[in-house]
Amino acid sequence: MVTNSIYVRPARLEDLKHTDQVVKVVNAAYNSGDGWTTTKHIVEGARTSPKDIESLVRQNMLLYAFDGDTVIGTIKAAPVVNEESEISILSVLPEYQSKGVGRRLMYAVFDHMRSMGATKATLTSFDNRPEIVGWYSKLGFVQVGDKIPFTYPGVELKISSVCLVVMKKAL
């Protein structure tokens with residue numbers, strides 16, 4: 001489980017000093033090949049950049065998990081539209097995975113979304129990752145609608161048949 005030195009809070013402007021570490025966290029979680037959440041076998045390319053992270057911090061869209069003063073995880077809550085907010089960029093350093101950090105980030109983002117006026121959370125996950133879809137299901141998400149194509153600037157699919165499933169949860 002998570003130690004007492006780990007905490008989650010919204011990223012603040014003074015956290016811009018952590019931008020390089022945050023980029024490392026996100027790209028390691030998605031692309032390192034380590035950890036159970038890697039997408040290295042599915043996509044090619046960096047998941048984020050310093051410019052992207054700085055923009056998200058300035059828009060108050062990121063929450064960070066810290067171990068002491070080191071960023072070890074991230075999650076993004078998009079602005080509320082029709083009482084719904086989208087979750088993305090859930091990232092935990094591989095050495096902190098399976099220790100409750102991701103769950104802690106999810107519960108923190110649920111509270112954050114409620115404070116923004118959201119009544120529903122939505123997210124997407126690769127359809128060929130049943131273990132990830134199952135993890136989200138344990139948090140109360142259900143699959144809705146059709147699968148959608150994966151598109152992300154600068155990132156290319158290695159498996160052309162992969163799509164995203166849309167999942168939603170009442171807050």
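What follows is a conversation about how features of this predicted model earn their labels.

Colleague: What makes the strands one open sheet, and in which order do they stand?

Modeller: Seven strands make up the open sheet, in the order β1-β3-β4-β5-β6-β9-β7, and the pairing is mixed. β1 (6–10) and β7 stand at the edges with a single partner strand each, so one side of each has no neighbour in the sheet. On average, neighbouring strands are turned by 30° against each other, direction ignored.

Colleague: Why is the pairing called mixed? Which strands run parallel?

Modeller: β5 and β6 run parallel, joined by three bridges. β6 and β9 pair in the antiparallel sense, over seven bridges. Both senses occur, and the sheet is listed with mixed pairing.

Colleague: How do you know that β1 and β3 are paired?

Modeller: Pairing takes at least two bridges. β1 and β3 have five, in the antiparallel sense. One example is Pro10, whose bridge partner in β3 is Leu63.

Colleague: What makes β3 and β4 a hairpin?

Modeller: β3 (62–67) and β4 (70–77) run antiparallel and are joined by six bridges. Two residues lie between them. Ala65 stands opposite Gly73 in β4. In the turn, Gly68 has a positive phi of about 70°.

Colleague: What makes β3 largely enclosed?

Modeller: Five of its six residues are buried, so β3 is largely enclosed by the rest of the structure. Helix α2 (residues 50–58) lies across β3, β4 and β5, and runs at about 105° to β3.

Colleague: Is β6 enclosed or open, and how do you know?

Modeller: Five of the seven residues of β6 are buried, so β6 is largely enclosed by the rest of the structure. Its partners include β5 and β9. On the β5 side, Glu84 stands opposite Lys120. On the β9 side, Ala121 stands opposite Lys169, and Ser125 stands opposite Val165.

Colleague: Why is Thr122 called buried?

Modeller: Thr122 is in strand β6. Its relative accessibility is 10%, and the cut-off for buried is under 20%. Therefore Thr122 counts as buried.

Colleague: Which residues is Thr122 in contact with, leaving aside neighbours within four places in sequence?

Modeller: Glu84, Ser85, Glu86, Ile87, Phe141, Val166, Met167 and Lys168.

Colleague: Which elements make the β-α-β unit, and what is its hand?

Modeller: β5, α3 and β6 make the unit, and it is right-handed. The right-handed label requires a clockwise path from the first strand over the helix to the second, with the strands pointing away from the viewer.

Colleague: How do you know that the buried residues of α4 are on the same side?

Modeller: The buried residues of α4 (residues 130–138) are Ile132, Val133, Trp135 and Tyr136. They cover an arc of only 155° around the axis, which puts them on the same side of α4. On the other side, Pro130 and Lys138 are exposed.

Colleague: What covers that buried side?

Modeller: The cover includes β5 (84–92), α3 (101–115), β6 (120–126), β7 (142–149) and β9 (163–170). Just after α4, Gly140 takes a positive phi of about 100°.

Colleague: Why is the pair of Tyr107 and Phe110 called edge-to-face?

Modeller: The structure holds seven aromatic pairs. In the pair of Tyr107 and Phe110, the centres are 5.9 Å apart and the planes stand at 80°. Rings pair if their centres lie within 6.5 Å, and planes over 60 degrees apart count as edge-to-face. The Tyr107 and Phe110 pair is therefore edge-to-face. Both residues lie in helix α3, three residues apart, about one turn of the helix.

Colleague: Are Tyr107 and Phe110 buried or exposed?

Modeller: Tyr107 has 44% relative accessibility, so it counts as partly exposed. That label lies between the limits of 20% and 50%. Phe110 has 2%, so Phe110 counts as buried.

Colleague: What makes Tyr136 and Phe141 an edge-to-face pair?

Modeller: Their ring centres are 6.0 Å apart and their planes are at 70°, so the pair is edge-to-face. Tyr136 counts as buried at 11% relative accessibility. Phe141 counts as buried at 2%.

Colleague: What makes a cluster of these rings?

Modeller: Ring pairs link Tyr107, Phe110, Trp135, Tyr136 and Phe141.

Note on methods: Residues numbered from 1 in each chain as written. Predicted model: local features only at pLDDT ≥ 70, side-chain atom pairs only at ≥ 80, totals over all residues. Heavy atoms only, no water. Buried < 20%, exposed > 50% of the residue type's maximum accessible area, 1.4 Å probe, protein only. Helix = DSSP H or I, 4+ residues; strand = E, 2+ residues; numbered from the N terminus. Arc of directions from axis to C-beta. Contact = heavy atoms within 4.5 Å. Axes fitted to C-alpha atoms, helices over the stretch in contact; angles between N-to-C directions. Phe/Tyr/Trp six-rings, centres within 6.5 Å; stacked < 30°, edge-to-face > 60°.
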